[in-house]
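The following exercises are intended for a reader who is new to this structure. Each task is followed by a solution in steps.

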Amino acid sequence: MGSNISAVSGDVILIQSPNYEEAARGVATTLSALDTSPAERAARIELWRKQEWHGWFRWWLCARGTDWSKPIWIGLLVIGFSGLVLYGMWTGRWFVTAGGVVAWFTVVNLSFFTYFGLSLPGPPPAVPGPFTPAQRVLATMQLYPAGYNRRKLPRVRLVVPSNSGAEIVMELAVAKLDSELHALMEQQQQMRIQSGDAPVTQVVLETLPISRAEIDGGAAPVRVVAWSWDETRRSVN
């Protein structure tokens, strides 16, 4: 990928890597669809647990099956209230019980709200692959900084049309973004805040010679070769 960012001014503001036009010339528009197996989905969740333990734990506790956060929340309230009532009975200091009930209710609720938030992101989808190496294909990309949507690591979300008519979705968590992609993400910050989601960037992807074991360990089966961002396009749809 080129090292500079070029901008084309006019009715449409287009920001792209210098090599985009050349890289996009004659590339494929679809990839062969690859179904992911239950073992691969389980491996992706295990990788998520290692990379972002708190996000995994919130999902494991609340959304994997039974929502255990509710009985834990109720149990903490009952234990606290019971202890305060017993304290009042033993000491006669009911004003402490009354104030303690309000304080305990507030602490427990604020703690749960702070930890779980208003939304609970589910596990990232399993990454398909490996693909036949050295293929180039047009795709769309969205860049998310660390901390966005309660994720610990920066993320690259890639959507690639497949020859079956469906879309191949890859959500890759990375310890550190490539310097150019990081610069692009910084440029998109205002639009990301205004629209509530990362804007869409057109990219050229190249498939890599990689094993399934490497993918399950967190390696990406593709790399971004070039990109082009139309500031007027805000979403995938």
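**Exercise 1. Locate Leu-34 and describe its surroundings.**

Step 1. Leu-34 belongs to the loop between α1 (20-24) and α2; helices (H or I, at least four residues) and strands (E, at least two) are DSSP runs, numbered from the N terminus.

Step 2. The model is a predicted one, in which local features need pLDDT of at least 70 and side-chain atom pairs count only at pLDDT 80 or more, while totals for chains, interfaces and linings use all residues. Residues are numbered from 1 along each chain as its sequence is written, and side-chain values use heavy atoms, with hydrogens and water left out.

Step 3. With a relative accessibility of 34%, Leu-34 counts as partly exposed; buried means under 20% relative accessible area, exposed over 50%, and partly exposed in between (1.4 Å probe, protein chains only).

Step 4. Not counting residues up to four places away in sequence, Leu-34 touches Pro-128, Gly-129, Pro-130 and Phe-131, where contact means heavy atoms within 4.5 Å.

Step 5. Ser-162 is 128 residues from Leu-34 along the chain, and the C-alpha atoms of the two are separated by 8.9 Å.

**Exercise 2. Identify the residues joined by a cis peptide bond, and state where Pro-130 lies.**

Step 1. The bond between Gly-129 and Pro-130 is cis, with omega about 0°.

Step 2. Pro-130 is found in the loop between α5 (94-116) and β3 (136-144).

**Exercise 3. For Ala-134 and Asn-149, give phi, place and exposure.**

Step 1. Ala-134 is not a glycine, although its phi is positive, about 70°. Ala-134 also lies in the loop between α5 and β3, and its relative accessible area of 64% makes it exposed.

Step 2. Asn-149, a residue other than glycine, has a positive phi near 55°. Its place is the loop between β3 and β4 (155-161). Asn-149 is partly exposed, at a relative accessible area of 37%.

**Exercise 4. Describe how helices α2 and α3 pack.**

Step 1. Two packed helices are described by the angle between their axes and the distance between the axes.

Step 2. For α2 (residues 38-51) and α3 (residues 53-62), the angle is about 125° and the axes are 5 Å apart. Axes are lines fitted to C-alpha atoms, for helices over the stretch in contact, and angles run from 0 to 180 degrees between N-to-C directions.

Step 3. The helices α2 and α3 are therefore oblique to each other: angles under 35 degrees count as roughly parallel, over 145 as roughly antiparallel, 65 to 115 as roughly perpendicular and the rest as oblique.

Step 4. From α2, the contact is made by Ile-45, Trp-48, Arg-49 and Gln-51, and from α3 by Trp-53, Gly-55, Trp-56 and Trp-59.

Step 5. These residues divide into five nonpolar, two polar and one charged. Ala, Val, Leu, Ile, Met, Phe, Trp, Tyr, Cys and Pro count as nonpolar, Asp, Glu, Lys and Arg as charged, and the others, Gly among them, as polar.

**Exercise 5. Characterise the nonpolar cores.**

Step 1. A nonpolar core is a set of buried Ala, Val, Leu, Ile, Met, Phe, Trp, Tyr and Cys residues joined through side-chain atoms within 4.5 Å.

Step 2. The largest core has 27 residues, and those with the most contacts inside it are Met-141, Leu-143, Leu-158, Val-160, Met-170, Val-203 and Leu-205.

Step 3. At least two residues of this core come from each of β3, β4, β5 (167-173), α6 (179-187), β6 (201-207) and β7 (222-230).

Step 4. A second, separate core of seven residues includes Tyr-20, Ala-23, Ala-24 and Val-27.

Step 5. Not counting residues up to four places away in sequence, the residues that Met-170 touches include Val-127, Pro-128, Phe-131 and Leu-158.

**Exercise 6. Is Thr-97 buried or exposed, and which residues are in contact with Thr-97?**

Step 1. Thr-97 lies in helix α5 and is buried, with a relative accessible area of 6%.

Step 2. A polar atom of the Thr-97 side chain lies 2.7 Å from the backbone oxygen of Leu-84.

Step 3. Leaving aside neighbours within four places in sequence, Thr-97 is in contact with Leu-84, Val-85, Tyr-87 and Gly-88.

Technical notes. A polar contact is a pair of N or O atoms within 3.5 Å; within protein, one must be able to donate a hydrogen and the other to accept it, and residues adjacent in sequence count only if both atoms are side-chain atoms.
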